[in-house]
Amino acid sequence: MNAPFERAFPTGLQWINRYADLGDAFHTRLRAQALPEPRWVATSPAAADWLGWPRDWWTSTATDALSVFSGNAVWPGMDPLATVYGGHQFGVWAGQLGDGRALLLGEVRTPHGGVEIQLKGSGRTPYSRMGDGRAVLRSSIREFLCSEAMHALGIPSSRALCLVASPQPVLRETVETAAVVTRLAPSFVRFGHFEHFCHHGQPEALRRLADFVIDHHLPACRDHAQPYAALLDTVVRRTAEMVAHWQAVGFCHGVMNTDNMSILGLTIDYGPFGFLDAFDPGHICNHSDTQGRYAYHRQPQVALWNLHALAQALMPLIEDTDLALAALETFRSAYPDALMRLMRAKLGLRTREDGDAELADAWLALLARDRVDHTLAWRRLSQLSADPAQDAGPVRDLFIDRQAFDAWAQRYRERLARESSVDVERRTAMDRANPKYILRNHLAEIAIRQAQAGDDSEVQRLLRVLERPYDEQPEHEAYAALPPDWAHSIEVSCSS
């Protein structure tokens with residue numbers, strides 16, 4: 001590594017500690033607990049690019065980066081803290097929560113504005129309750145990979161910079177080993193932060209937090225006559241957009257508690273998540289969700305429920321119930337509008353017709369009836385020619401009920417004909433809207449098992465594949481194949 005890099009990094013970073021400046025009511029300052037024998041598992045070059053850091057930042061011996069991102073040291077300017085928040089978990093008020101296993105190291109200036117850097121799995125905090133504050137390698141690999149995969153898919157999300165592992169034992173259902181994942185986001189403020197201060201009758205702290213979010217992240221809200229109502233309206237719209245992306249790609253969050261909902265409309269807290277394999281609208285990815293509250297098809301209505309909880313928390317500031325209700329009502333148009341925009345892109349439609357929603361719904365009903373693989377079906381649909389004389393084999397072969405597929409395909413072709421769709425142009429556009437590669441559970445499981453045995457190469461290889469989800473990657477064709485039979489036995493839960 002060259003000498004200028006050694007001198008400038010990390011001392012050249014401009015650290016900001018704006019959240020720390022909010023005051024002691026908002027957080028507790030503390031250092032991470034020491035992690036023995038840390039080792040690098042993986043780093044994300046794309047996340048480093050986003051920060052404006054050199055891609056080989058982690059190799060510098062002078063910066064002691066491994067110690068910093070395992071929680072064993074801090075760089076000058078860092079002001080580590082754990083934030084306090086509350087929240088509704090599975091629809092029930094859970095009281096005081098907070099960063100029970102995460103530490104905000106601070107905020108750095110980047111070419112894209114301020115970005116917060118947070119360690120997850122860094123040890124016990126005052127908000128850990130009965131937990132140990134650690135994350136296990138299994139769940140950390142999943143979060144690291146999915147954070148970057150979601151970003152590459154174009155879905156609003158936190159990012160992951162790096163992943164560190166340790167032989168330290170951690171007890172979950174079995175004894176596992178510890179890990180720390182470094183997460184990035186413009187802000188990690190959640191709905192639950194606002195709920196905490198409202199629930200505890202602290203209107204001035206609530207106002208200070210709202211002003212902080214508006215001034216630093218959503219300044220356009222300040223121009224409105226009622227900035228706090230504008231804040232709610234903005235969060236409603238961003239959340240609608242995020243969930244529409246989830247539904248379009250077949251992503252199941254698994255634990256949509258209000259303390260896991262980002263005030264900026266980002267996907268955060270990757271725990272028991274999953275991407276659909278066979279299309280099942282009622283799919284429950286979280287083994288702990290025994291009532292199916294967070295099933296795939298319920299995610300939009302749960303998002304709206306959570307937004308109602310946020311609105312209730314903001315009422316001491318908004319005061320006008322009609323304004324709050326108007327902001328919430330925005331979801332009922334913003335979500336379907338965003339979803340149909342994405343669905344038209346996935347269907348390769350350039351124009352709008354009144355029957356497009358029905359066409360898309362009929363396609364999804366076909367997938368559900370035959371439990372067709374969601375990702376493969378959408379990707380192969382681009383190969384269907386508008387000419388009925390052409391072979392529809394690649395996509396048609398996925399279905400058991402071929403006659404039902406043929407009937408739908410006829411409707412689809414008629415729709416394409418009305419906008420004079422050109423096969424080659426449409427396929428190019430559809431392949432940019434329908435990913436070939438997603439983080440299927442069995443792919444993550446293979447990487448996890450190898451890493452647990454000391455081989456991190458599959459984590460790194462899978463990351464490279466997921467960074468280009470829409471590209472044809474002939475050398476990685478196996479990563480786009482149907483999941484093996486054993487994949488159906490994989491279970492993820494809140495401990496994941």
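This is a short talk on how domain 2 and domain 3 meet in this structure, and on some of its salt bridges.

Okay, before anything else: what we're looking at is a predicted model. The domain assignment splits the protein into domain 1, residues 14-188, then domain 2, residues 192-345, and then domain 3, residues 349-420. I'll spend most of my time on the second and third of those.

So, how far apart are the centres of domain 2 and domain 3? Going by C-alpha atoms, 32 Å. As for the contact itself, 12 residues on the domain 2 side touch 16 residues of domain 3. People often describe how big an interface is by the accessible area lost when the parts come together. Here, about 1,200 Å² is buried between domain 2 and domain 3, with carbon and sulfur atoms giving 59% of it. And which residues of domain 2 lose the most area to domain 3? Those are Phe-279, Met-343 and Arg-344, and together they make up 58% of what that side buries.

Let's go to the polar side of things. Between domain 2 and domain 3 you get 2 salt bridges, and 5 residue pairs are in polar contact across that interface. If you ask which elements give two or more residues to the domain 2 side, the answer is helix H7, 227-249, and helix H10, 331-347. H10 gives the most there, with 3 residues. Sorted by class, the domain 2 side that touches domain 3 comes out as 8 nonpolar, 1 polar and 3 charged residues.

While we're on H7, have a look at His-245, which lies in that helix. Buried or exposed? His-245 has a relative accessibility of 14%, so it counts as buried, the cut-off being under 20%. Leaving out residues up to four places away in sequence, His-245 touches Gly-154, Ile-155 and Pro-156, as well as Arg-341 and Leu-342.

Now, salt bridges. Opposite charges on side chains can pair up when the charged atoms come close. How many salt bridges does the structure hold? The count is 37, and I've picked a few.

Start with Arg-344, which we already met among the residues that lose the most area to domain 3. Arg-344 pairs with Asp-356, with the closest N and O atoms 2.7 Å apart. There's a network here too: Arg-344, Glu-353, Asp-356, Arg-415, Arg-418 and Glu-419 are linked by salt bridges. Inside that network, Glu-419 and Arg-415 meet at 3.1 Å, N to O. Glu-419 is at 6% relative accessibility, so it counts as buried, and Arg-415 is buried as well, at 2%.

Next, Arg-379 and Glu-472, a salt bridge at 3.2 Å, N to O. This one links distant parts of the chain, 93 residues apart: Arg-379 is in helix H12, residues 374-381, while Glu-472 is in the segment after helix H17, 457-466. Arg-379 counts as buried, with 7% relative accessibility, whereas Glu-472 is partly exposed at 41%.

Last one: Arg-222 and Asp-211, with N to O at 3.2 Å. Arg-222 is in the loop between helix H6, 203-216, and H7, and Asp-211 is in helix H6, 11 residues apart. Arg-222 is partly exposed, with a relative accessible area of 32%.

That's my tour, and I'm happy to go back to any of these on the screen.

Methods: Residues numbered from 1 in each chain as written. Predicted model: local features only at pLDDT ≥ 70, side-chain atom pairs only at ≥ 80, totals over all residues. Heavy atoms only, no water. Domains from an automatic or database assignment. Contact = heavy atoms within 4.5 Å. Buried area = accessible area lost by both parts, 1.4 Å probe. Salt bridge = Lys/Arg side-chain N within 4 Å of Asp/Glu carboxyl O. Polar contact = N/O pair within 3.5 Å; in protein donor to acceptor, adjacent residues only side chain to side chain. Helix = DSSP H or I, 4+ residues; strand = E, 2+ residues; numbered from the N terminus. Nonpolar A, V, L, I, M, F, W, Y, C, P; charged D, E, K, R; others polar. Buried < 20%, exposed > 50% of the residue type's maximum accessible area, 1.4 Å probe, protein only.
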